[in-house]
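User: Could you take a close look at one part of this model for me? I would like to follow a sheet, the helices that pack on it and any enclosed space beside it.

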Amino acid sequence: MCFNARFVLRRMSKLVQKWLNVQSRAEVSSFVDDSITYHEPPDKSEGDKKVYRALSLSTGLRAMLISDNSIEETNSYKKDSIQHQAFPSSTKRSDSSLEHFHGKLAACAVVVTVGSFSEPRQYQGLAHFLEHMVFMGSAKFPVENTFDAYVTKNGGYCNAYTECEETTFFFEVEEAHLDKSLEIFINLIKAPLLHPDSMARELSAIESEFEQTYLRDDIRRDQILASFAGDGYPHETFMWGNLQSLRQEFVEKTLHEALHDFWRKYYVSSRIIVCLQSKLSLNSLEEILLRHCLNIPNNDEINLSKNILNYDESFRDEFYREVFLVQPVEDVCKLELTWVLPPMKFQYRTKPDGFISHLIGYEGKGSLCAYLRRRLWCMSVTAGIGGSSFESNSIYSLFNICIYLTDDGFEHIDDVMCATFAWMKLLNESSDLKSSYKELQQITANNFRFQVELPFIDNVQNIAENIRYFPYKDVLTGSHLYFEYDEAALQLIKQHLSAFKFNIMISSHIPYKDFKYDKEERWFGTKFTTIPMPSKWFALWHEPGIIKDLIIPQPNPFITTDFTLHWQQAGRPPIPRRPKLLLRNDLCEMWFRQDDTFQLPDGYIKIYFITPLIQQSAKNYMLGVLFTYLVEFSIIEQLYPALLAGLTYSLYMGNKGLILNANGYNQKLPLIVEIIMNVLGSLELDPAQLISFKELKKRQLFNALISGTALNLDLRLSILEKQHFSLVQKYDAIDDITLDDIELFKNSFYKQMYIQALFQGNFADEERHRIMHNVIDSFNSQKIDASTSLDKRVLQLPLGSYFLRAKVLNDNDSNTIITNYYQIGPSSLRTECLMDLVEFIVEEPYFNQLRTVEQLGYSLGLYQRVGYGVIAYVMTINTQETKHKSEIVESRIEAFRASIPEIISQLSDEEFYELRETLISTKKLSDVNLDDEASRNWDEIVTMEYFFNHVEMQIQTLRGLTKQHVVNFLKEYEKTNFRKLSVQVVGKSKEPLRLPTQSSSEALRHGDLSGLLNEVQRNVSDDQLFEKMGNKIKIDLIGRHDDPTNIMNISSFKSKLPFYPWKPKMKSE
């Protein structure tokens, strides 16, 4: 089969296009004076050098234009152009470089202020369906997916989502193509085709999205609450939509008419908000906006405002009178209390709900969370109004307290309820909270003042959505600052939270008091029941008693007061782009880069404690994992105020040892590191805590094993890596770990150790040296024995194709995950760049052919992989065995791969050149923030490649590559070096009740304590399946023993094969 390239597009000559632009501008200019109203620009932080223009059109369209023309200045690399200006963020970059890193992609967000609340009840999910259909061509650009193809071709990305009261579209693209991209997109809004032929495919996409969200407990919870909506209230709808709600209950002609009616009524200028951001001047952005948006049609229909609906009646009486008992699909047990409040977004200046949620969800000493954690009754407590439009809209706000319970906490639920009620009573009756408010006000003001730059595509979404709720002046500050303390507003919230008028929901696999889950929610099939509110809880609410351990949060000792920028103070000396090696010996290496770019009082400290102990066995590795959890658990109360004050930290296991990260305002970072280092050496072990974390970790690993995605990766690494502890090995090792084992690990992991450290950001010379010496002095370490190899090595696959196929562990899982790994060999700059070009050119055709045309799966990927000096490219698809057999899907992946040389050959030289230049431009984009820069440098350090100018060298290499180079490379690989490993985790061929969602497989990413808690709270796990398989997990491989291409024993397959030598430093060819 021949696969056509995506870039066969008709081209208009430059002269004709220029003439059309001149004519368009002339037409626009004649309407400008009467059509535009300018508004006060938004207040911004002192370091924000972007310029803003707020405006609205006579048609009702609202817009914000953002020019970030300081990008060129902040990323200049000429030494002789340093400018000593008052504002640090406008200061030019201090060192010369091989390449000019020129900023970011231009971005646009378009909000249409309509969502599921406005759709007809007989067409539930219609708003979401229209969001999909809009992309299927317009009257001016009728080819399906023209917009997506154009944006992708020009280095960008696009997406959209539907909420209850708005639909948001957004994209980013190279700046030179912003004008054309907006033209194509706005035509989708004002004249979409909505062709019947496209409906079936997009209905299938809607169904796929529904399937992917089907087992998410947060969405299921919302749908249960929606089923108790007051009569006539719009939030009773099923906003996701699926085949049943949109097609099976109605004929397609009727649905098509409803789709057109909805678009005509709501996709009008008065409901549209546009935000554009780029390096272009404000005048240029305004011209682009007017040219494409001035003639978006409007209508004169007056839509009924939902403000007439009373929040107090938005849920039926049963919502408050009865307790909801819900059977979750996730491995979770939680207690939720939900109050219905008035719409709170308009109280943005005082944010009384945000302040109260800050107090309730506090996790430091004296808090409800700390009280429950010390008794091992809960994992975490969250509080506040959620970010989704179901929880916060123009009708009501849902204020929620969610307590994630342990098994012991579930057994003590009355005690948990009593402590929660006592905490609420303490807060509601406290007469002096102003000092706590002022402290939170100071923290948020600091955070806004030194705000970390967001990617353009995120920034435009935030601003476009804020325009709907805030005056233009407060669009930037409204969601961040606590402007003023208002006792009356606080009392109003307290009145609501003091009344015994809230919903109680308990989610648990074992029903509370053994009640039967005898009800089923219509759309998601969630099992639940309701019971009358127990009188004992009513009594506890009014008389919970006084718990002396619960106290109002004390003053925060981690609030930053010194914002000195050390690079400025030192006279802005030239700073090399790469980190500087300050110290290297047998025990450690220390790297440093002073920030001269982002000019914020922020720092990053990254420390890797490399120890051979953890590579000796799976048990030792898991000892390290559990040890880090126990350390973090012991400091969580002490350091929670630091998190509030703008600092973060983590301690987790890497492949070669423990990794400590601390970042945020640099003034207090040394204190964070000091506290963690003290606990590493003096941790007092608690047997009950160890038991709890062993059980949590086992469940996390189990969740990963029953996830096809995680198991697929684990099997691939088991083949490729010389030493790899599999998920099963880690799982099996946990049961044998004792408190004595943890104690022994604590006292021996540092005996032989090598420390890698990176300090990046705003640090004084003496400060970083003091921190590093304190770290080294904390341990009496010896150098690692030279005979001990810590290097990871990769297996050299034999020539040809080999297949490792395994059954999924969950009998109800029909998901099949197929990953084809094509190994090329030792990596080099030239090979990397060749594969970059291949990926960039064929990614969109790959998605179009296998997902859109052949509809083999909704989730798929194509990317290159460089691991331990060996490069490969990977093609993967998540499909369903009930729809497509794994052998067929794998053959279609292979057919597409074989067609790649032809796809590239079909490009004209001009098309190839344009694509190559676009790829180069994406590599020349500057780091968005200090985190990006520090992470990039840290990757080079931990891999011991130290190739800090990697991207610059890639750009230079790419410039010398032609289309023929790429084609010859692919053909040569096919002819002389073809090495393929196909790993397939095969789902059940019978139709399940529903497709389980996929784990995000934190278990494979060595997460810290918060990652463990989040993963276990979130992931799919079936208690019966866990009990059935928990102690005897076995991966069943599929294939023929007499077929040498079928891998039936991993150890046997690897035993006679060589491993590539590990290269500590990459070299270019």
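Analyst: Happy to; I will start with the sheet, go on to its helices and a cavity, and finish with some helix contacts and a hairpin elsewhere in the chain. Please keep in mind throughout that this is a predicted model.

Let us begin with the strands. Seven of them form an open sheet with mixed pairing, and their order is 10-11-9-12-8-14-13. At the edges are strand 10 (378-385) and strand 13 (519-520), each of which pairs on one side only. Within the sheet, strand 8 (residues 322-326) runs parallel to strand 12, and four bridges join the two. If you would like a residue pair to find in the viewer, try Phe324, which stands opposite Met505 in strand 12.

Now add the helices. Helix 16 (residues 413-429) packs on the sheet and touches strand 9 (334-341), strand 11 (397-405) and strand 12. The direction of helix 16 makes about 35 degrees with that of strand 9. Helix 19 (residues 487-498) also packs on the sheet, where it touches strand 9 and strand 11. For helix 19, the angle with the direction of strand 9 is about 130 degrees.

Next comes the enclosed space. The model has nine cavities of 30 Å³ or more, and the second largest holds about 60 Å³ of space. Met505, the partner of Phe324, is one of the residues lining this second largest cavity. Strand 12 (503-507) and helix 8 (217-226) each supply at least two lining residues, with helix 8 giving the largest share, four residues. Asp217, Arg220, Arg221 and Ile224 are among the lining residues, as are Val326, Gln327, Pro328, Lys334, Ser507 and Thr526. By class, the lining has four nonpolar, three polar and four charged residues.

Away from the sheet, a few helix pairs are worth a look. The axes of helix 13 (residues 352-360) and helix 17 (residues 434-449) come within 11 Å and cross at roughly 100 degrees, which makes these helices roughly perpendicular. Phe355, His358 and Leu359 of helix 13 meet Ser436, Tyr437 and Leu440 of helix 17. This contact has four nonpolar and two polar residues, and no charged ones.

Helix 7 (residues 196-213) packs against helix 10 (residues 252-266) at about 95 degrees, with the axes 11 Å apart; helix 7 and helix 10 are therefore roughly perpendicular to each other. Pro196, Met199 and Leu203 come from helix 7, while Glu252, Leu255 and His256 come from helix 10. Here the classes are four nonpolar, one polar and one charged.

Further along the chain, helix 29 (residues 829-853) and helix 31 (residues 909-923) pack at an angle of about 110 degrees, their axes 10 Å apart. On the helix 29 side the contact uses Asp836, Leu837, Phe840 and Ile841, and these meet Phe912, Leu915, Arg916, Thr918, Leu919 and Lys923 in helix 31. Six of the contact residues are nonpolar, one is polar and three are charged.

To finish, look at strand 23 (residues 859-867) and strand 24 (residues 870-880), an antiparallel pair with nine bridges. Gly861 has Thr876 in strand 24 as its bridge partner. The two strands form a hairpin with two residues between them, and Tyr868 in the turn has a positive phi of about 55 degrees.

Notes
Residues are numbered from 1 along each chain as its sequence is written. This is a predicted model: local features need pLDDT of at least 70, side-chain atom pairs count only at pLDDT 80 or more; totals for chains, interfaces and linings use all residues. Side-chain values use heavy atoms; hydrogens and water are left out. Two strands pair if DSSP finds at least two bridges between them. Axes are lines fitted to C-alpha atoms, for helices over the stretch in contact, and angles run from 0 to 180 degrees between N-to-C directions. Contact means heavy atoms within 4.5 Å. Ala, Val, Leu, Ile, Met, Phe, Trp, Tyr, Cys and Pro count as nonpolar, Asp, Glu, Lys and Arg as charged, and the others, Gly among them, as polar. On a 1 Å grid over the protein atoms alone, a cavity is a set of points where a 1.4 Å probe fits but cannot get out, and a pocket is an open set with protein on both sides within 12 Å along at least five of seven lines; lining residues have an atom within 4 Å of a point. Grid points are joined across faces, edges and corners, and a volume is the space filled by probe spheres set on the points. Angles under 35 degrees count as roughly parallel, over 145 as roughly antiparallel, 65 to 115 as roughly perpendicular and the rest as oblique.
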